[in-house]
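This briefing summarises a protein model for computational work. The points below are grouped by topic and are meant to be read beside the structure.

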Amino acid sequence: MSVDGPSQLKERLLVKSKTKAKDANAAGDSDAQQADAGGAITSSDEGDGSIRRSSSSSRKASSLVRRSSVYALALVLAVSMGTRFWRIWDPAQVVFDEVHFGKFASYYLRREYYFDVHPPLAKMVVALGGWLVGYDGHFLFDKIGLDYMANGVPFIAMRAWVAGFGVAIPPLVYLTMAESGYAVGAATATALLVALDNALVTQGRLILLDNIMIFFMLAAVYSYVRFFKLRYRAFGAQWWLWLLATGTMLGCAVSCKMVGLLTISLVGGAVVYDLWRIFDIRRGSTLSDIGRHFAARAGALIALPAMLYLAFFYIHFAVLTRTGPGDAYHSSRFQMQLIDNPMTKSSFDVHYGDQIAIKHRSTGVYLDSSSARYPLRYEDQRISSQGQQVTGAPALTNTSFWMLRPAADQVAFQSYMTRRIAGEEIPDEESQRWLVRHTDRVQLLHVNTTTLLRTHDVASPLTATHMEFTTVSLNQTAKEFADAVWEIRIEGAATNASVVQTSSSFLRLVSAQHAVAMHTHKKKLPDWGRAHQEINGNKKPDEKANAWVIPLIRGRSATDDERAAMKRKIPKLSFIDKFIELQALMVKHNNALTSVHPFQSAPITWPLLTRGISFWTDNKARKQIYLLGNPVGWWLSDACILFYVFAVVVLELCRRRNFAVVDSVRHRHLLRSGGFIASAWLAHYFPFFMMGRSLFLHHYLPAAIFAYMMVGVAFQFLLFPEYQRYSLRRWNASARALVPSPVALLAFVLIVALQAVSFVYFAPISYGSTSLTPEQVRARMVLASYDLHFQK
């Protein structure tokens with residue numbers, strides 16, 4: 001008996017693999033062609049499309065049946081369009097987060113720089129829709145409820161543009177299910193459930209980002225399914241087409257919101273499984289083949305999305321070239337790249353004796369004082385110092401100017417100031433001596449009241465853990481003098497010789513005695529404080545919220561020559577430097593979104609649909625928009641997920657005991673295609689349990705779509721016993737039969753009808769177009785936790 005050597009064994013395995021693929025093309029049901037890691041379970045991936053008939057399918061199907069998949073897709077598209085475009089002009093007011101994303105679209109059209117925690121693609125898409133209809137960005141969506149018609153905003157066109165992406169979501173679900181080997185009935189039921197989901201409809205017809213992101217997510221999953229089905233035709237034109245399409249859609253998804261990383265992790269897991277299969281020597285793959293497969297996937301699914309992500313930020317920076325509301329988040333070098341930024345117009349060295357305004361970097365208020373005193377007692381009965389008020393004023397006035405004085409060398413400073421006031425020319429060498437520098441210790445003299453800024457060990461009016469800011473007279477005691485000394489700290493200063501400059505230097509004023517930094521926040525003081533912001537001493541001096549800037553020196557303005565010189569001095573900042581700075585800010589501020597919101601919810605409650613989100617209310621007409629999923633569909637999908645887990649466990653236990661409950665094809669399809677869809681649900685849901693930021697029901701919407709797809713998985717497994725007869729190889733393949741039994745037809749009608757009835761029942765709060773009586777509102781509170789308005 002002869003024994004094969006390694007080379008002969010390899011050659012024999014390769015021939016055997018090719019023969020197996022060839023037989024699969026002819027027969028249409030080989031085990032190799034049925035196997036699936038990415039959700040595409042097919043009966044034949046590259047043959048002539050023949051499906052082996054069962055004994056019950058000998059009769060030729062009617063034209064209606066054969067073309068049923070096309071008709072089903074048309075039905076899904078029609079329902080999706082109807083639900084999303086119905087009364088899209090109502091309400092003609094700013095709704096929920098249109099206040100943010102409409103504003104950002106306006107900034108793109110005005111080319112003014114803004115800051116947001118999300119990547120730019122979806123917002124640029126929204127802006128493109130506005131630009132296509134001639135919108136110029138004049139409206140800034142400042143407040144929920146503002147009237148679009150009165151402000152001349154083409155909101156119908158902008159909403160319709162975004163809704164177009166939402167319209168495409170149910171058809172994409174249908175295509176993905178069909179390409180994954182599900183029957184027309186299962187794919188149609190799943191897609192109609194998605195088309196008739198109230199939350200997806202509400203979110204999908206407004207100027208919001210989620211629609212656009214979900215479209216790219218589903219397009220990526222669909223493209224990967226198409227790519228995986230071509231695994232036996234590797235490196236062909238279609239194989240490359242769908243691989244590159246997958247990478248492109250992944251890049252677009254993550255460029256809309258960072259949640260797109262969850263889709264990348266899903267596809268990445270499927271790719272790892274696929275490569276592990278290819279690595280198996282029994283499949284006849286050489287190491288060279290494995291290297292080519294790995295390189296192709298790394299290039300298309302890692303490098304291409306990364307390049308697209310960078311490209312969209314490049315466009316973002318190329319469009320937003322003018323100074324805008326996002327400047328203050330960035331470094332001075334970044335801000336100086338923007339057209340008309342104050343730093344490029346009036347960045348002067350600051351000297352002792354200059355009368356300056358001091359502006360808070362984040363909130364934009366000016367350090368202000370007046371002769372008004374703090375009340376003896378605050379509302380919580382705490383006692384104040386009754387000292388002179390120091391507050392944050394929203395606008396620059398005569399009471400907002402301060403003079404910088406050195407804490408030491410008072411005699412020399414007075415001599416310098418006497419000559420300066422008299423108009424004597426100060427030599428450059430002496431002028432350099434009186435520049436204000438990093439770590440200098442200074443006093444701040446309030447020009448209007450000739451008192452010195454002071455903090456002391458008294459609780460501030462609104463923040464009991466912070467120290468009160470007030471002022472003291474020039475004839476202070478030794479203790480008061482120590483309280484009135486401040487250390488200047490320049491953000492990013494290279495050395496102690498770094499000079500404070502107007503507009504471009506971000507400062508912290510830290511008490512030399514108490515080590516607290518001057519701080520403010522957006523909460524307003526009561527009437528006695530003129531509704532100004534509170535100024536207090538923060539015991540965490542390094543916090544970003546303690547940053548201030550000197551926007552101007554009183555009486556100092558730049559000449560034309562000085563402006564030209566300033567422009568020449570602007571430091572160049574490369575795209576990569578801008579990109580890295582913005583990414584760090586996005587991550588930081590996204591993680592800082594921890595403030596309590598009245599409609600936030602925990603991820604554990606999302607599948608149970610225990611509460612929604614109030615998007616908009618009209619108190620006069622008693623109308624409201626309340627984001628809430630369709631209870632029938634959400635709870636049915638929950639049940640199907642639990643059924644899937646139960647079925648997999650039972651079938652695996654039976655297989656261990658060599659007991660076949662179902663045929664091997666149905667079993668394999670449930671495990672592999674169903675497993676991929678279940679993994680998609682997990683990948684888009686469970687990561688939210690690890691996030692510390694405020695979370696809302698709409699974060700579950702991508703996962704909710706995959707949960708709906710699990711209904712299709714369970715529907716086919718339970719009611720379609722003959723896989724080869726009813727499953728589709730591709731969405732436009734000729735169907736041999738539609739439903740296997742009256743029970744399956746009844747189940748289909750019942751599921752879709754219940755979803756439709758529930759959708760119509762909750763439509764008044766999904767669209768906000770119908771006034772409801774208190775009784776009607778309470779009737780829609782299926783759960784007591786639904787905090788709807790107008791219950792009384």
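At 34% relative accessibility, Asp340 counts as partly exposed, and its side chain meets that of Arg322 in a salt bridge with an N to O distance of 2.3 Å. The model is a predicted one, and it holds 25 salt bridges. The protein has 792 residues, of which 55% are buried.

**Salt bridges**

- Asp340 lies in the loop between α15 (332-335) and β1 (355-360) and Arg322 in the loop between α14 and α15, so their salt bridge ties together parts that are 18 residues apart in sequence.
- Arg322, like its partner, falls in the partly exposed class, with a relative accessibility of 33%.
- Arg361 and Glu491 form a salt bridge whose closest N and O atoms are 3.5 Å apart.
- Because Arg361 sits in the loop between β1 and β2 and Glu491 in the loop between β8 (486-490) and β9 (506-511), this pair ties together parts that are 130 residues apart in sequence.
- Arg361 is buried, with a relative accessible area of 9%, whereas Glu491 is partly exposed at 26%.
- A network of salt bridges links Arg361, Glu491, Arg508 and Lys544.
- In the salt bridge between Arg454 and Asp483, the closest N and O atoms are 2.9 Å apart.
- Arg454 belongs to strand β6 (residues 451-459) and Asp483 to helix α18 (residues 478-483), so the pair ties together parts that are 29 residues apart in sequence.
- Arg454 is buried at 10% relative accessibility, and Asp483 is buried at 1%.

**Overall architecture**

- The protein has 26 helices and 14 strands.
- Taken along the principal axes, its C-alpha atoms fill a box of roughly 110 × 75 × 55 Å.
- Among contacts between residues at least 6 apart in sequence, 75% join residues at least 24 apart.
- The accessible surface comes to about 34,500 Å², and 61% of this belongs to carbon and sulfur atoms.

**Helix α4 and its surroundings**

- Helix α4 (residues 68-85) has 18 residues and reaches 25 Å from its first C-alpha to its last, close to the 26 Å expected at 1.5 Å a residue.
- Ser68, Ser69, Ala72, Leu73, Val76, Ser80, Thr83 and Arg84 are the buried residues of α4; they lie on the same side of the helix because they cover an arc of only 135° around the axis.
- An α-helix has 3.6 residues a turn, so residues three or four places apart point the same way.
- The cover over the buried residues of α4 includes α3 (63-66), α7 (155-167), α8 (169-179), α9 (184-195), α10 (198-204) and α25 (742-767).
- Arg87, just after α4, takes a positive phi of about 50°.

**Helix α23 and buried Gln755**

- Helix α23 (residues 701-719) has 19 residues, which should span 27 Å at 1.5 Å a residue, and its end C-alpha atoms are 27 Å apart, in agreement.
- Of these 19 residues, 18 are buried, so α23 is largely enclosed by the rest of the structure.
- Gln755 lies in helix α25 and is buried at 0% relative accessibility.
- Beyond its neighbours within four places in sequence, Gln755 is in contact with Leu193, Leu196, Asp197, Asn630, Val632, Gly633 and Tyr708.

**Further buried positions**

- Leu301 lies in helix α14 (residues 287-319) and is buried, with a relative accessible area of 10%.
- The C-alpha atoms of Leu301 and Ala245 are separated by 9.4 Å, although the two are 56 residues apart along the chain.
- Residues up to four places away in sequence aside, Leu301 touches Leu243, Thr246, Gly247, Leu250, Val267 and Val271.
- Asp368, in strand β2 (residues 366-373), is buried at 1% relative accessibility.
- The residues touched by Asp368, not counting those up to four places away in sequence, include Gln389, Thr391, Trp402, Arg530 and His532.
- Arg231, in the loop between α11 (210-228) and α12 (237-256), is buried with a relative accessible area of 12%.
- The C-alpha atoms of Arg231 and Asp340 are separated by 55 Å, with their positions 109 residues apart along the chain.

**Nonpolar surface patch**

- Leu128, Trp131, Leu132, Val133 and Trp161 make a nonpolar surface patch of about 500 Å².
- Helix α6 (residues 121-132) gives the most to this patch, with three residues.
- Trp131 lies in helix α6 and counts as exposed, at 56% relative accessibility.

Conventions: Residues are numbered from 1 along each chain as its sequence is written. This is a predicted model: local features need pLDDT of at least 70, side-chain atom pairs count only at pLDDT 80 or more; totals for chains, interfaces and linings use all residues. Side-chain values use heavy atoms; hydrogens and water are left out. Helices (H or I, at least four residues) and strands (E, at least two) are DSSP runs, numbered from the N terminus. The expected span of a helix is 1.5 Å times one less than its number of residues. Buried means under 20% relative accessible area, exposed over 50%, partly exposed in between (1.4 Å probe, protein chains only). The arc is that of the directions from the helix axis to the C-beta atoms. Contact means heavy atoms within 4.5 Å. Patches are made of residues with over 30% relative accessible area and no salt bridge: like charges are joined within 9 Å, nonpolar side chains (Val, Leu, Ile, Met, Phe, Trp, Tyr) within 5 Å. Accessible areas come from the Shrake-Rupley method with a 1.4 Å probe; for residues, only the protein chains shown count as cover. A salt bridge is a side-chain nitrogen of Lys or Arg within 4 Å of a carboxyl oxygen of Asp or Glu.
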